[in-house]
Amino acid sequence: MREVSSLYEQSLEDSRDTCIRLLWTGGWDSTFRVLYSSIVDGKRVEPHYIIDTARPSSLRELETISHIKSLLRSTNEEAYERVSSLQITSIKEIPDDIGIKNSWNQLKQRAHLGQQYDWLARYAKFKNLADLELSVHIDDKAYVFLKGNVEETPFGGYRLKRNVLGDENIFARFKFPILEYSKLHMRDIARTHGFIGILEASWFCHQSTNRTPCGWCNPCRYTIEEGMRYRLPREALFRYHTYRYAKAIGSPFLKVKALRQAYDFLRYGSKS
């Protein structure tokens, strides 16, 4: 209990600072937060990135972050100057923590929870961060573990309540500034404040095909299902529909029918 209380005290002190510390992956959600904080709020931003060389998309994410910073510099140099150099840490440098690992294992038995929440919690502890922002939004899988367990902070956003001491405590070192936002809401805000062009340069695919979204991976599917299908090329949408139909069916006859539906989608288009 003493450790949890000290985290809150440290968090309160950090929140008074105009600098925010956040995980930046080059994706839509975290890029929105970087741009909004630096352009609209006028805050200094300290971005963190954890590199996993085993994941094919890591290089593309770093390239995207660099490209977005270049776009920001060309359109709003003052905001660009507020974004400090990217702090990169290899996932292999993060120490193991059996307590965090066990809590993550328990949580994912209840509902889907990506493995990144294990090593993100270990990273925050390793770096002694009590206020690292994660851009979890309302449609994220982690939302189910946070809803009802968070409270608004005096400085905006949400964080875990003090009395949450179970396995959800792996989220205690984080703040969630856009927890109640959807991707479409972020898009509307970006349009209003004039940085939609930069936000659209963000990246999401984990298994790129010829440097275009694949349509198969989880981020591609989530992007489509959250109303952002326009961000994928036609071929990726075809792969998405093929995957969806193939997963939903069992018999050879239905598989033929599913492939026919996917073909019709590619040829004639679909609004579904």
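These are my notebook entries on what I looked up in this structure, which is a predicted model.

**Entry 1: the chain as a whole**

I began with the overall make-up and found 12 helices and seven strands in the protein chain. Of its 272 residues, 45% are buried. I then looked at contacts with a sequence separation of 6 or more, and residues 24 or more positions apart account for 67% of them.

**Entry 2: helix H6**

I turned next to H6, which covers residues 116-126 and has eight of its 11 residues buried, so the helix is largely enclosed by the rest of the structure. The buried residues that I listed for H6 are Tyr117, Asp118, Trp119, Leu120, Ala121, Arg122, Tyr123 and Ala124, and I noted that Asp118 and Arg122 stand in this list beside the aromatic residues Tyr117, Trp119 and Tyr123. When I asked what these buried residues pack against, I found the strands E1 (19-23), E2 (44-51), E3 (87-90), E4 (132-133) and E7 (174-176), together with helix H5 (98-110).

After H6 comes Asn128, a residue that has a positive phi of about 55 degrees although it is not a glycine. I placed Asn128 in the loop between H6 and E4, and its relative accessible area of 47% makes it partly exposed.

**Entry 3: the nonpolar cores**

I looked up the largest nonpolar core, which has 31 residues, and found that Leu113, Phe171 and Phe174 are those with the most contacts inside it. At least two residues of this core come from each of H5, H6, helix H7 (143-146) and E7, and H6 gives the most, with six residues. There is also a second, separate core of 24 residues, and I noted Val34, Tyr49, Ile65 and Ala79 among its members. As background I wrote down that in soluble globular proteins nonpolar side chains tend to be buried together.

I then followed Leu113 outward and, leaving aside residues up to four places away in sequence, found that it touches Trp104, Leu107, Lys108, Ala142, Phe145, Ile170 and Phe171. Two of the residues in that list, Trp104 and Lys108, came up again when I checked charges over rings, since Lys108 lies over the face of Trp104, at 5.1 Å from the ring centre.

**Entry 4: strands E1 and E2**

Four of the five residues of E1 are buried, so I recorded this strand as largely enclosed by the rest of the structure. E1 pairs with E2 in the parallel sense, over five bridges, and for Ile20 I found Val45 in E2 as the bridge partner. Between the two strands the chain passes through helix H2 (residues 28-40), and this β-α-β crossover is right-handed.

**Entry 5: aromatic rings**

My count of aromatic pairs came to six. I also noted a cluster in which ring pairs link Phe32, Tyr36, Tyr181 and Phe195. Another charged side chain over a ring is that of Arg60, which lies over the face of Trp203, at 3.7 Å from the ring centre.

**Entry 6: Lys183 and helix H10**

Which residues does Lys183 touch, not counting those up to four places away in sequence? I found Trp28, Asp29, His137, Glu226 and Met228. Lys183 itself lies in helix H8 (residues 183-193), and I recorded it as buried, because its relative accessible area is 9% and the cut-off for buried is under 20%.

In helix H10 (residues 218-225) I found Pro219, Cys220, Arg221, Thr223 and Ile224 to be buried. H10 is followed by Gly227, whose phi is positive, near 90 degrees.

**Entry 7: two pairs apart in sequence**

Last, I looked up two pairs of residues by their C-alpha distances. Ser70, which is found in helix H3 (residues 58-75), is 128 residues from Ile198 in sequence, while the two are 9.6 Å apart in space, C-alpha to C-alpha. I noted Ser70 as partly exposed, with a relative accessible area of 42%.

Is Ala172 buried or exposed? With a relative accessible area of 3%, Ala172 is buried, and its place is in the loop between strand E6 (158-160) and E7. Ala172 and Ala130 are 42 residues apart in sequence, and I found them 7.7 Å apart in space, C-alpha to C-alpha.

Conventions: Residues are numbered from 1 along each chain as its sequence is written. This is a predicted model: local features need pLDDT of at least 70, side-chain atom pairs count only at pLDDT 80 or more; totals for chains, interfaces and linings use all residues. Side-chain values use heavy atoms; hydrogens and water are left out. Buried means under 20% relative accessible area, exposed over 50%, partly exposed in between (1.4 Å probe, protein chains only). Contact means heavy atoms within 4.5 Å. A nonpolar core is a set of buried Ala, Val, Leu, Ile, Met, Phe, Trp, Tyr and Cys residues joined through side-chain atoms within 4.5 Å. Two strands pair if DSSP finds at least two bridges between them. A crossover is right-handed if, with the strands pointing away from the viewer, the path from the first strand over the helix to the second runs clockwise. Rings of Phe, Tyr and Trp (its six-membered ring) pair if their centres lie within 6.5 Å; planes under 30 degrees apart count as stacked, over 60 as edge-to-face and the rest as tilted. A charge sits over a ring if NZ of Lys or CZ of Arg is within 6 Å of the ring centre and within 35 degrees of the ring normal.
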